Structure formats: C-alpha cells, structure tokens
Amino acid sequence: MKWINENLYISPINTYIDPSKPVENAIITHGHADHAKPGHKNVLATKETINIMKIRYGENCAQNFQELTLNKTLKIDDVKITFYPAGHILGSVQVLAEYKGERINFTGDYKTKKDKTCENFEPVKCHTLVTEATFGLPVFQHPNEHNEIKKLLRSLELFPKRPHLVGVYALGKAQRIIGLLRQQKYDKEIFIHGALEKLCNYYVEEKIFLGKFLKTNLKDKKEYHGEIILAPPSAIKNVWSRKFVDPIICQVSGWMSIKQRAKQNLVELPLIISDHADWNELTQYIKLTGAENVYVTHGREEAIVHWCKMNQINGLALSLSGREDEEDL
Amino acid sequence: MRSFSELINKLLLTSSRNRKVDVLCDYFKNTPDPDRGFTLAIITNSLEIKNIPISKIKEIVRETVDEELFALSYDYVGDLAETISLIWPNKENGNLPQISKMIGILKNINKNESTRKIHSFLSIANETERWALIKLISGGLRIGVSSRLAKTALAKFGEKKLDDIEKIWHGIDPPYENLFKWLCDTGPIPEIDLKNTFNPMMLANPLEDKDFINLNCNNFVAEWKWDGIRVQIIINDSNIKIFSRTGDDISLSFPEIKSLEKNMVILDGELLVGRNYIPMNFNSLQQRLNRKKVSLKHINDFPAFVKLYDILYLNNDDLREKNWEERRNLLENWYYKNKNEFFDLSKIINFNSWKNLTAIRKNEIIDEQHEGLMIKRKSSPYISGRPKGHWYKWKKDPKTVDAILMYAVRGHGKRSSYYSDFTFGLWDGNQLSPIGKAYFGFNDNELKILDKFVRNNTIKKFGPVREVEKTFVIEVAFDSVNSSTRHKSGVALRFPRIKRLREDKPTSEVIQLCEFKLEFL
Ligand SMILES: [Zn+2]
C-alpha cells in the first residue's frame with residue numbers, strides 16, 4: 001500500500017474513497033450515509049449515486065459532480081479508475097484503481113446475490129482487495145430471500161387483521177423488499193412511511209418496478225388491517241407507530257438471523273434479508289479476485305483477517321471509524 | 001422437532017403475555033399426544049435430559065469449525081445455542097424425529113454413538129431446529145415462559161380454572177395424557193396422591209409504601225420473615241416429606257426431622273438450623289443444603305428445625321379455603337399436640353398501629369435471623385401463587401457500599417449483547433480485592449452506560465471475561481454479608497445488586513476491605 005493509505009486515500013491523485021469528512025476530491029461508492037457525506041469539493045460517482053446524494057442532501061451538497069458510467073475507465077494523471085457494479089443498492093459500485101500496473105479494488109458495500117432493484121454484482125480480479133466485512137463471521141449465512149418474503153406473506157394469511165409494520169432502511173432495503181413482494185405476485189398497494197417516499201419515487205424514475213405504493217396518512221381513519229407498511233426502524237420504535245392497532249413488528253436485516261437481537265428490538269417477525277455479502281460470499285469473493293493482500297475496511301475484521309491467514313493471504317484490518325452499516329442496524 | 005422448534009422460536013419473539021398464552025393454546029390444540037405433553041414438560045422444567053454434557057457438543061463443533069472463528073462468533077453472538085445453530089456448516093437431507101421420540105433418543109443415547117448421532121442431527125436440522133435441539137440438550141430454554149404462564153395457557157385451552165390445574169400439577173407426570181384428556185373433556189380430573197404431592201405455596205408481594213397507608217391494620221397480623229428456606233412438610237403415618245418452595249423433594253438432606261404424627265398433615269414453614277429454636281445465620285444453613293449425603297457431624301453442628309407458618313391439610317381435610325385465623329387455630333392445636341425438638345411455632349407479633357410495627361421492625365429485628373416482616377390478612381384463604389392483596393413481605397432495608405468495577409462478562413438471553421455481569425471490589429491496601437458479582441439492579445439506560453464503559457475501557461481479556469480500567473465506582477446494595485472461606489476476600493454478599501452508578505465518585509474514596517468487614521460482618 002504505497003500509493004494508497006489506511007484512510008482509503010489515493011495519494012497520486014489526492015483523492016479519497018468514501019471519506020468521512022469533507023475533502024477536496026472524493027470518489028463515492030454508493031449513497032448510504034456512512035459512505036456518502038455532504039460537503040466535498042469534487043465528487044466522482046455514478047449518475048444514480050449523485051442523484052441520491054442530491055435527494056438526500058440537496059443540489060449543492062458538493063461543488064462539482066462528475067459522473068462515471070459503469071465499466072468505463074477514467075484516467076486521472078497516472079491512475080486509472082473504473083467502476084464495477086457492487087450489487088448493493090441502486091448506483092453502488094466497486095472502485096478499481098490501477099497505478100503502475102498494480103490493481104487495487106475497493107468493494108464499498110456489496111452483495112453477489114441477484115437483485116432486481118440494482119445492477120448485478122460483477123467480480124473483478126485484482127492484486128489488492130479492500131473489502132467490507134459487515135457480516136464477516138461464519139455465523140452469518142443469509143438464507144434465500146424469497147423464502148424470507150414468503151414468511152411475511154404467510155404471516156399476513158395467519159393474521160389477516162393485524163397490520164404488518166416492516167422496519168426497513170429507507171435507501172435500498174425498502175425498494176428491494178417492495179420488489180421482492182411484487183416478484184411473489186403480491187399486487188396490493190404497499191404503504192410506506194413518509195421518509196421512504198422520495199427514494200421510492202426515484203427508483204421508479206430509474207425504471208425499477210415497484211407497483212403501487214402509498215404514503216401512510218396518520219390522520220385518516222384507515223385501520224390498515226392486514227396491510228404491509230414499510231417504515232424506518234426508528235419510526236416503528238417511536239410514537240408514529242401508535243396509530244396501528246395490534247401490529248406485528250417485522251424487521252428486515254441481516255442481523256435478524258440472531259434471535260436475541262430480534263428479541264432485543266421487540267421484533268416479532270424477523271426477516272433475514274441483507275444487502276451485504278454474507279460470510280460465504282465474502283470469503284468466496286476474496287478467493288475469486290486472486291488478491292494477495294486483503295484490507296478490511298469495516299465490520300467483523302478479525303474473523304476475515306484470521307480466515308485470510310488460514311488461506312495464505314495477507315490480511316489487515318483498517319477499522320475505519322464511522323461505518324455503522326446504517327442500512328442494516 | 002419442527003413444530004417444537006417453531007413454537008419456542010415464536011414464544012421467544014412474542015413479548016406480550018397474552019399472545020404467548022395464545023401461541024401455546026394453538027400448539028396444544030394442534031399437536032397430538034404425547035408430543036404436546038413432552039413439550040409442556042420441557043417448558044415447565046419438569047423434564048431434564050442430562051445425558052449429554054454441553055462440553056460434548058462443543059467438542060463436536062470444534063471438530064467441524066475452526067476454533068478461532070468459533071470463538072470470535074461466540075463472542076459476537078453471546079449465546080452458545082445460537083452460535084452453534086448459525087455456524088454449523090453441514091447440511092444433510094432428512095427430518096428430525098418428533099419431540100417425544102427425540103427425548104427418548106437423547107435419554108437413551110450411549111456414549112459410543114452419541115458423537116455420530118448428534119453430528120447427524122445437527123446436519124439434518126434447519127437452523128431453528130438446531131437451536132432448539134441444543135437448548136433442549138443443555139437444559140434451560142430461557143424463552144421467557146414461566147410454568148405459571150404455561151399453566152395459564154392450559155387453563156385457557158381447556159376452559160378450566162387455573163387454581164385447579166395448580167392443585168394437581170405436582171401430582172401428575174409427563175407426558176400428562178390424563179391431564180389433556182381432562183382438558184379436552186374426554187376424561188375426569190386426574191387423581192393425585194396427596195401424601196406424596198407438593199402443593200404450590202402461597203407467596204407474598206413486596207410491600208410498597210403506597211399500599212401501606214391504605215391498609216387497615218386491624219385486618220392484619222404480622223410475624224417475622226425468618227431467614228431460612230421456605231418448606232412444605234407432608235407427614236403421614238410418621239413418614240415425613242420435605243419440599244422446597246419450587247417443589248423439589250429435599251427430605252434426604254434433612255433425615256433428622258421426625259414426627260410421630262399418624263394422621264396426614266401438610267404444613268408450611270421455614271427450615272432453619274440452630275439449637276433451642278434459635279436460628280443460626282443463613283451461612284450455617286447453607287452447609288446443609290444441596291448435599292446428597294448428610295454426615296452425623298453436619299447434623300450435630302447444624303441441627304435443622306422448622307418454624308411453622310401455616311397448615312394446609314389435616315386428616316385429609318383440605319384447609320386451604322379456610323381463613324388465616326381458622327387455620328392458625330388448627331396449626332396451634334396441632335403444634336401443642338405434636339411438639340418436639342424439630343417444630344417450633346412462628347410467633348405472631350403484637351402491634352396496634354403501622355407506626356408501632358414500623359418501630360418493631362426497626363428496633364427488634366435480628367440481622368442474623370430475620371429477613372424482615374410478613375404481614376398477612378386475617379381473612380385470606382391459602383391461595384397458591386402470588387395473589388395480590390393478601391400477604392406482604394416487608395424486607396429489612398438493604399445495606400450499601402460503594403465499590404469499584406473490576407471485571408465484566410456478557411449476559412445471557414435477552415442481554416447477550418451487553419456486558420451485564422459485573423464483578424466489583426474494595427481496596428485491600430493499595431490493591432483491589434473482588435467482593436462480589438451483580439447482574440441486575442440497574443435500568444436499561446444504566447446498562448448501556450456500563451456496557452459502553454466496559455467496551456471502551458478493557459485492559460485485558462480472559463476468554464469471555466474483560467478486565468476494565470479501575471475507575472468506575474458503583475453503589476452496590478445487598479441484604480447481608482457472610483464470612484466465606486471460598487472467596488479470597490473472605491466475604492460473601494447475599495443478593496447483591498447495582499443500586500446506582502457513581503461515576504462522580506473518585507476511587508480513592510472507596511473504603512478498605514477491612515473497614516467493610518468491621519462495619520458489616
Ligand atoms: Zn451501504
């Protein structure tokens with residue numbers, strides 16, 4: 001790591017990847033708040049990520065935006081930058097940086113599973129892999145997402161009177177869940193909390209099929225018997241949710257595989273669907289890249305570093321601060 | 001196993017008591033005998049499968065999963081059954097046997113085949129079944145269902161009175177087919193053997209100050225709450241059975257207690273050790289508890305006797321519907337007729353106002369002997385469980401000491417992602433000496449503060465134990481202190497809990513162990 005450092009700083013071009021503080025030049029892998037911060041001077045990202053940043057932070061959240069299309073290489077001085085889809089959320093990418101023949105790939109957040117609400121993941125060969133490890137423990141083996149969605153549908157059949165309040169993160173998770181419900185032929189309208197509206201509309205603008213969704217109106221008399229209502233987990237915990245009589249609290253996240261964590265959050269129906277790679281995806285991808293060096297940005301670094309050692313790969317934990325995997329808390 | 005595992009998963013994730021009752025009702029309705037009966041036995045802790053030690057399962061996992069990865073995972077998840085169920089990498093096709101068969105297999109499994117069998121079960125199981133299976137083997141489901149709640153569900157399912165179920169509960173055995181027959185109205189209420197069956201006890205509620213003012217003191221009696229263990233004694237034809245509060249038969253631990261009474265009688269009292277009906281402290285009683293074999297020396301050094309509180313049966317007559325005053329009369333009659341060195345009457349305390357009783361509690365309490373006062377309503381029948389408005393316990397005020405946080409371990413169950421078991425200590429010269437452990441007393445917010453402190457101030461890790469920077473002072477409340485040879489500090493606190501966080505207090509103001517002993521021992 002002579003030309004990049006532990007803060008994901010590419011020194012030959014004075015550029016940071018997903019910096020946590022405002023900088024002069026930033027490459028942003030995707031729109032989640034722990035990766036995309038407002039206040040940078042120049043931002044390089046996909047069109048979708050730029051749009052998402054503008055929706056969340058306002059048109060002027062950076063001085064200059066530069067778009068880079070997937071699989072197109074941009075040369076900045078002696079460094080070549082290419083974006084490859086990360087399969088995490090709409091617009092998310094891995095960033096391949098090449099300098100003097102050395103290839104370093106920054107995964108950002110990623111998953112290798114198929115997802116109809118974003119470009120599917122593409123593997124990239126590299127010498128050095130800078131990877132996330134949100135679910136970097138062998139206890140995390142995400143189940144099939146369609147079976148998880150079926151659990152929600154079965155619960156609706158079993159409790160046709162009870163509103164199903166589904167905790168989802170506003171960006172990516174919400175739209176994926178709506179999409180997955182549509183794939184299961186759920187064609188009723190789906191209700192959403194106001195905080196999800198702009199981003200759902202944006203997904204529709206990008207030609208992603210979500211069917212009919214409606215913002216919940218807390219003043220109406222509607223009782224939401226047997227309806228699906230998506231909301232950020234924080235809203236479900238506060239007064240907003242009091243409108244709903246005898247709801248079933250669901251939460252969608254990779255963490256939900258841990259029953260005790262579901263219990264702590266008073267989740268009655270945990271749905272284990274994640275937009276991050278699980279243990280098997282993480283370790284298989286490390287192998288597939290052929291990387292000799294693996295740097296782990298955030299998550300359960302210790303286990304991945306240990307696994308690398310077992311497989312004769314150099315592993316190092318960077319322990320970047322401020323990465324709280326907000327979409328999966 | 002599928003429906004059993006789904007049931008306990010649902011029970012774990014349901015927080016409302018009423019919903020849990022509904023979930024259980026549904027299960028009883030839709031599950032045939034003997035499965036539902038065995039499940040009931042497991043939930044109510046009436047059945048233990050102690051054939052396979054948990055170390056065996058850990059060994060099997062260690063052979064299959066890298067040790068370091070397992071340790072990291074366990075540290076993160078915090079619950080052993082969950083960690084194993086999630087990390088298990090092998091998948092095989094097949095179905096696990098149903099719960100009643102599974103219990104039979106686990107009970108009769110022999111050592112040679114147990115590794116292979118369990119390995120195969122773990123591979124066939126889905127994740128929730130694996131979790132349930134390990135919980136079943138390791139005992140203690142920890143799913144937040146008390147046996148009271150299970151019985152409430154039975155009552156609802158069969159449209160019967162909960163009290164009737166309580167009365168027969170200790171006289172029936174898994175898989176309870178006669179019970180379910182009665183609940184489904186296809187059989188009579190199960191007959192029980194009175195002479196050998198524990199009757200659930202009547203328990204007291206803590207006295208809260210606001211209740212106190214509203215009670216008319218003329219309607220109540222008071223007696224000391226003796227600091228021993230609550231027991232139920234069944235005497236029949238000179239045979240004695242002694243049961244603990246939870247219904248465990250502890251007769252064998254106290255073989256010296258005898259009576260010549262020929263008729264059947266069931267008594268309620270406090271078991272103590274001492275001479276001439278003068279109790280020694282709880283520490284001495286502990287020398288007698290949990291021993292399978294009792295030596296003569298133990299009996300001589302710590303002779304047991306019972307202070308009688310109440311009478312439930314006499315000559316096969318159920319007295320529980322009678323009020324306290326009537327029962328007290330019958331108890332006193334029995335006592336004077338059958339007086340011997342093993343039975344003493346718990347004395348009634350005379351008082352004429354609450355103010356008067358308050359003074360008695362303050363001035364006459366003997367720390368070694370009394371846990372506090374009991375206040376009982378004269379008109380109350382003997383109702384099993386903890387009915388409201390009948391009996392009150394008024395414990396003596398806890399003692400407190402400021403101590404320094406030293407070590408922490410993660411909690412279990414719901415608390416598994418927090419550091420919630422704390423060891424604290426006092427100065428011994430300029431070193432710290434641990435004096436006890438506490439894992440409750442704090443509220444959720446205080447727990448978060450403690451957890452954060454532990455995570456940010458760990459100086460060493462020993463397996464699951466974290467040693468922390470010695471800077472955090474906590475106020476610990478406890479009921480009493482005993483000298484102890486098992487603890488390095490030489491003291492053992494009874495019922496310690498964290499009362500307050502004293503982040504404001506400098507550790508230099510925490511007292512020396514010798515000062516503590518002087519004050520409390
Ligand atoms: Zn993300």
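Q: What makes two rings an aromatic pair here?
A: Rings of Phe, Tyr and Trp pair if their centres lie within 6.5 Å. For Trp, the six-membered ring is used. Keep in mind that this is a predicted model.

Q: OK, how many aromatic pairs are there over all chains?
A: A search of the whole structure finds 34.

Q: Take B:Trp169 and B:Tyr176. How far apart are the ring centres, and what kind of pair is it?
A: The centres are 5.0 Å apart. The planes are at 20 degrees, so the pair is stacked. Planes under 30 degrees apart count as stacked.

Q: Is B:Trp169 buried or exposed?
A: B:Trp169 counts as buried, at 6% relative accessibility.

Q: And B:Tyr176, buried or exposed?
A: B:Tyr176 is buried, with a relative accessible area of 1%.

Q: Which residues form an aromatic cluster with B:Tyr76?
A: A:Phe135, A:Phe140 and A:Trp255 join B:Tyr76 in one aromatic cluster.

Q: New topic: the sheet in chain A. What order do the strands take?
A: It is an open sheet of 5 strands, in the order 1-2-3-4-5. The pairing is mixed.

Q: Which strands stand at the edges, and why does that leave a side without a neighbour?
A: Strand 1 (9–10) and strand 5 (62–67) of chain A are the edge strands. Each has a single partner strand, so one side of each is left without a neighbour in the sheet.

Q: What packs on that sheet?
A: Helix 1 of chain A, residues 47–57, packs on the sheet. This helix touches strand 4 (40–45) and strand 5 of chain A. Its direction makes about 155 degrees with that of strand 5 of chain A.

Q: Back to strand 1 of chain A. In what sense does it pair with strand 2?
A: Strand 1 and strand 2 (residues 15–17) of chain A pair in the antiparallel sense, over 2 bridges. In strand 2 of chain A, A:Thr15 is the bridge partner of A:Ile10.

Q: Now chain B. At what angle do helix 1 and helix 9 of chain B cross?
A: Roughly 85 degrees, for helix 1 (residues 2–13) and helix 9 (residues 127–138) of chain B. Their axes come within 9 Å. That makes helix 1 of chain B roughly perpendicular to helix 9 of chain B.

Q: Which residues make the contact?
A: Helix 1 of chain B contributes residues including B:Phe4, B:Ile8 and B:Leu12. From helix 9 of chain B, B:Trp131 and B:Leu136 are among them. The contact residues divide into 6 nonpolar, 3 polar and 2 charged.

Q: Last one: where is B:Ser480?
A: B:Ser480 is in strand 19 (residues 480–483) of chain B. B:Ser480 is buried, with a relative accessible area of 11%. Leaving aside neighbours within four places in sequence, B:Ser480 is in contact with B:Ala492, B:Leu493 and B:Arg494.

Methods
Residues are numbered from 1 along each chain as its sequence is written. Chains are lettered from A and ligands numbered from 1 in the order in which they are written. This is a predicted model: local features need pLDDT of at least 70, side-chain atom pairs count only at pLDDT 80 or more; totals for chains, interfaces and linings use all residues. Side-chain values use heavy atoms; hydrogens and water are left out. Two strands pair if DSSP finds at least two bridges between them. Helices (H or I, at least four residues) and strands (E, at least two) are DSSP runs, numbered from the N terminus. Contact means heavy atoms within 4.5 Å. Axes are lines fitted to C-alpha atoms, for helices over the stretch in contact, and angles run from 0 to 180 degrees between N-to-C directions. Angles under 35 degrees count as roughly parallel, over 145 as roughly antiparallel, 65 to 115 as roughly perpendicular and the rest as oblique. Ala, Val, Leu, Ile, Met, Phe, Trp, Tyr, Cys and Pro count as nonpolar, Asp, Glu, Lys and Arg as charged, and the others, Gly among them, as polar. Rings of Phe, Tyr and Trp (its six-membered ring) pair if their centres lie within 6.5 Å; planes under 30 degrees apart count as stacked, over 60 as edge-to-face and the rest as tilted. Buried means under 20% relative accessible area, exposed over 50%, partly exposed in between (1.4 Å probe, protein chains only).
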